[in-house]
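Me: I have a structure open and some terms I want explained. Can we take them one by one?

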Amino acid sequence: MKRIALGLQYVGTGWNGYQKQPCRHTIQDSLEIALEQFARTRLATTCAGRTDAGVHALEQVIHFDTELDRPMASWVRGTNTFLPDSIAVRWASEVAPELDGQEFHARYSARSRTYHYVLYNHAQPSALLAGRAGWVFRPLDAARMAEAARHLIGLHDFSSFRAASCQARTPVKDMQEITIERRGDVIVFTVRASAFLHHMVRNLVGALVYVGLGRHEPDWMKEVLAARDRDAAAPTFMPDGLYFAKIDYDPRWGLPQEAVPLPWM
């Protein structure tokens, strides 16, 4: 039995999120249908992190187990033959069955995860970025948002940014990095943490936008974090601009991961 890892890229617009559902209109459903058509057998997949409806992935990582002996390039090209244009397998890699007593797992072997949130800040919406970026029509102060974001770095209880439906065992996460970069009318939030709660990035962006609009001072973020209460923060921001960007693994697994830039950056 071999364990194969795949690097997956997708546009989440129009899909009902990543995880399988009875409607079968999800990224995972489409991937497993394509794998079955190519491999002529059912293959159950496990992902690094589930994404919601409308959320995109520059690089999602999944794994599955199989007895089939196929070249890695065949897994890429063969699966892509049966996928829609909005989903693409970028690479495939057979991982060692065990290293130092540990088994590779797309989710549990991850050291950290990185998301981008792309925000279009202009008086009028962009037809070209519809579904690909969030939008705020009032001017935003990126420097104020960056100052507020500094309060979030480190090991914290992120209950104030946790969705009511979140099933994580603990709200305590290690926030390793937050950067906020403006390029013209586009603002890119990059967030890296050990793991994320349900809606956590969108809730963080919503709170940072409140600061950027001048509704709160940057120190308000510290108060929201300390409250450990979802009602203390801002509303959940739209999913359109959220991108699952990168999963960090121990290099010993030898995954051929890509540094995938945002398409227009």
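Reply: Here are short answers on a helix, a strand residue and the record's annotations. This is a predicted model, where local features need pLDDT of at least 70, side-chain atom pairs count only at pLDDT 80 or more, and totals for chains, interfaces and linings use all residues. Residues are numbered from 1 along each chain as its sequence is written, and side-chain values use heavy atoms, with hydrogens and water left out.

Me: Why is Tyr115 called buried?

Reply: Buried means under 20% relative accessible area (1.4 Å probe, protein chains only). Tyr115 has 9% relative accessibility, so Tyr115 counts as buried.

Me: What makes Tyr115 part of a strand?

Reply: A strand is a DSSP run of E, at least two residues, numbered from the N terminus. Tyr115 lies in β5, residues 112-121.

Me: Which residues is Tyr115 in contact with, leaving aside neighbours within four places in sequence?

Reply: Contact means heavy atoms within 4.5 Å. The partners of Tyr115 include Arg50, Phe189, Val201 and Tyr243.

Me: What does UniProt place at Tyr115?

Reply: An unreviewed UniProt entry places a "binding site" there, at Tyr115. Such annotations may be inferred rather than shown by experiment.

Me: Which residues of helix α3 are buried?

Reply: In α3, residues 142-149, they are Ala142, Arg144, Met145, Ala148 and Ala149. They cover an arc of only 160 degrees around the axis, which puts them on the same side of α3. The arc is that of the directions from the helix axis to the C-beta atoms.

Me: What covers the buried residues of α3?

Reply: The cover includes β8 (172-183), β9 (186-193), α4 (200-212) and α5 (220-227).

Terms used:
Buried < 20%, exposed > 50% of the residue type's maximum accessible area, 1.4 Å probe, protein only. Helix = DSSP H or I, 4+ residues; strand = E, 2+ residues; numbered from the N terminus.
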